[in-house]
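Here is a short briefing on one protein model. Please look over the sequence and the fold before reading on.

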Amino acid sequence: MAEFADRMSSLTGNLHASIAMRREALQQVHDATVELSNRTQAFMSDVADEHRTRAEELREMLFAHREERCQKAEDLRNHNQESLEKMRDDLNHTLTETRKTRQEAVGQLFHSFQHARDELAHDLREASFAWRAFAAGRDEPAASPTKPREERAHKARAAAVSVHEKTPRTEPAAVAKPRSKPRRGKR
């Protein structure tokens with residue numbers, strides 16, 4: 001049984017050594033953690049100080065360049081307004097020119113339409129003269145297109161008056177319409 005006691009004392013000795021080593025390791029981890037925490041706090045403090053310093057520099061720089069930025073913004077605004085006014089003037093000029101061109105084109109179309117209408121009226125008058133002369137039973141040819149218009153118009157009016165005087169109007173006799181159904185009671 002001595003063997004059992006030796007083993008037990010060896011086991012307990014190993015346990016004491018292991019517990020001591022564990023305590024030592026825990027102490028090292030604790031010390032490392034404390035050191036890391038202290039270094040982290042110092043780093044964060046340095047970062048915060050640096051951020052404060054940079055923020056101050058940035059504020060000073062922005063304040064120093066504020067007037068310059070305001071002037072640039074004002075210049076840009078003025079330039080944009082001038083550009084808009086120029087575009088507005090150009091557009092108004094273009095619209096005015098387009099309107100004039102369109103009015104001229106409409107005037108030319110209207111003039112050519114009137115000319116075509118006058119020519120058509122003249123042709124229709126000539127055709128009317130020829131028809132009236134034919135209807136009047138005249139043997140003389142219709143007014144020649146080379147004669148002046150007033151002379152042709154006078155002859156046409158005279159021919160129309162003579163046609164109306166020569167051809168009496170005969171009214172057609174009233175023709176009774178035959179009834180399709182005979183009347184009742186009377187035969």
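The points below go from the overall make-up to the main helix, its surface and its side-chain contacts.

This is a predicted model. The protein has two helices and zero strands. Helix α1 covers residues 2-135, and a kink of about 45° interrupts α1. Of the 187 residues, 6% count as buried.

**Overall make-up**

- The accessible surface of the protein comes to about 17700 Å². Carbon and sulfur atoms account for 58% of that surface.
- The structure holds seven salt bridges.
- One aromatic pair turns up in a search of the whole structure.

**Helix α1: course and end**

- Helix α1 has 134 residues. A straight helix of that length would span 200 Å, at 1.5 Å a residue. The end C-alpha atoms of α1 are only 166 Å apart.
- The kink in α1 is centred on R66. Its angle is about 45°.
- G137 follows α1. The phi of G137 is positive, near 75°.

**Burial and nonpolar surface**

- Which residues of α1 are buried? They are H122, E126, F129 and A133.
- Five residues, F4, M8, L11, L15 and I19, make a nonpolar surface patch. The patch has an area of about 480 Å².
- L15, one of the patch residues, lies in helix α1. Its relative accessible area is 46%. L15 therefore counts as partly exposed, as the value falls between the 20% and 50% limits.

**Salt bridges within α1**

- R59 pairs with E56 in a salt bridge. Their closest N and O atoms are 2.8 Å apart. Both residues lie in helix α1, three residues apart, about one turn of the helix. R59 is exposed, with a relative accessible area of 52%, whereas E56 is partly exposed at 41%.
- E68 forms a salt bridge with K72. The closest N and O atoms of E68 and K72 are 3.4 Å apart. The two residues sit four residues apart in α1, again about one turn of the helix. E68 is partly exposed at 41% relative accessible area, while K72 is exposed at 54%.
- E74 and R77 meet through their side chains in a salt bridge, at 2.6 Å from N to O. What separates E74 and R77 along helix α1? About one helical turn does, because they are three residues apart. Both are partly exposed: E74 has 33% relative accessibility and R77 has 43%.
- The spacing has a general background. An α-helix has 3.6 residues a turn, so residues three or four places apart point the same way.

**The aromatic pair**

- The search of the whole structure finds one aromatic pair. W131 and F134 form this pair. The ring centres lie 5.3 Å apart, with 40° between the planes.
- Why is the pair classed as tilted? The angle of 40° is neither under 30 degrees, as stacking requires, nor over 60, as edge-to-face requires, so the pair is tilted.
- W131 and F134 both lie in helix α1, three residues apart, about one turn of the helix.
- Are these two aromatic residues buried or exposed? W131 counts as exposed at 58% relative accessibility, and F134 is exposed at 60%.

Definitions and conventions
Residues are numbered from 1 along each chain as its sequence is written. This is a predicted model: local features need pLDDT of at least 70, side-chain atom pairs count only at pLDDT 80 or more; totals for chains, interfaces and linings use all residues. Side-chain values use heavy atoms; hydrogens and water are left out. The expected span of a helix is 1.5 Å times one less than its number of residues. The bend at a residue is the angle between axes fitted to the seven residues ending there and the seven starting there. Buried means under 20% relative accessible area, exposed over 50%, partly exposed in between (1.4 Å probe, protein chains only). Patches are made of residues with over 30% relative accessible area and no salt bridge: like charges are joined within 9 Å, nonpolar side chains (Val, Leu, Ile, Met, Phe, Trp, Tyr) within 5 Å. Accessible areas come from the Shrake-Rupley method with a 1.4 Å probe; for residues, only the protein chains shown count as cover. A salt bridge is a side-chain nitrogen of Lys or Arg within 4 Å of a carboxyl oxygen of Asp or Glu. Rings of Phe, Tyr and Trp (its six-membered ring) pair if their centres lie within 6.5 Å; planes under 30 degrees apart count as stacked, over 60 as edge-to-face and the rest as tilted.
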